Amino acid sequence: MTADSTNQDSLPDPVRRNWVWLTIQFFMSWLFALFLRFRARGLEHVPAKGGALLIANHQSFLDPLLVGVALQRPVSYVARDSLFRIPLVGWVVRNTYVIPINRDAASADTIREAVRRMQHGFLMGVFPEGTRSATGAIGEIKPGFIALARRGKLPIIPVGISGAHRAMPRGKLKVFFRNV
């Protein structure tokens, strides 16, 4: 075994989900199907292996789960660093390949790490609006994702989420029975 294969910069298999991902996917897929009548279409456009950039609109705290649950491989997201400080949420994001970003002072390190993960073969999920929409309408697009697209030189897959803003509106912690 070489030093490179054991250093902390090595990345896990980008196609196989770890036990945290598998557990979340198992429970959430059932809950979403039962309570949100969740349906995903166009999954055939997501490559079975190799890196890609998933660009999704952002309506709700549910969005990363909705995108990830539908796929058969893990998604590495870029998420605001304050989520890492919330006790249970922080543990989950640290164990599901999420990269923290300081939205007030984003660094080039975040872009480099996201590109490294895509080139390693991960699906990289970003919400270019940077924050959740209050109405479900697409908000102003922030420029950071363009650097990922240019540097990654990998497929870009648009993801549209509809109905999540009614299922879990911005400012609410309760989930309502709505179609997503």
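So, to kick off: is Phe26 buried, exposed or partly exposed? Keep in mind that we're looking at a predicted model. Phe26 comes out as partly exposed, because its relative accessible area is 49% and exposed would need over 50%. You'll find Phe26 in helix H2, which covers residues 19-35.

Phe26 also belongs to a nonpolar patch on the surface. The other members are Phe27, Trp30, Leu31, Leu34, Phe35 and Phe177, and together the patch has about 820 Å² of accessible area.

Okay, on to the charges. How many salt bridges does a search of the whole structure find? Three.

Let's take Arg112 and Asp109. Their closest N and O atoms sit 2.4 Å apart. Both residues are in helix H5, residues 108-120, and they're three residues apart, about one turn of the helix. Arg112 itself is partly exposed, at 48% relative accessibility.

Now for Glu113, also in helix H5. Glu113 makes a salt bridge to Arg116, 2.9 Å from N to O, and another to Arg117, with the closest N and O atoms 2.7 Å apart. In sequence, Arg116 is three residues from Glu113, while Arg117 is four residues from Glu113; either way, that's about one helical turn. Through shared partners, these salt bridges tie Glu113, Arg116 and Arg117 into one network.

And how covered are those three? Glu113 counts as buried because its relative accessible area is 18%, and the cut-off for buried is under 20%. Arg117 is buried too, at 14%. Arg116, at 33%, is partly exposed.

Key. Residues numbered from 1 in each chain as written. Predicted model: local features only at pLDDT ≥ 70, side-chain atom pairs only at ≥ 80, totals over all residues. Heavy atoms only, no water. Patch = residues over 30% accessible without salt bridge, like charges linked within 9 Å, V, L, I, M, F, W, Y side chains within 5 Å. Areas by Shrake-Rupley, 256 points an atom, 1.4 Å probe, with all protein chains shown as cover. Salt bridge = Lys/Arg side-chain N within 4 Å of Asp/Glu carboxyl O. Helix = DSSP H or I, 4+ residues; strand = E, 2+ residues; numbered from the N terminus. Buried < 20%, exposed > 50% of the residue type's maximum accessible area, 1.4 Å probe, protein only.
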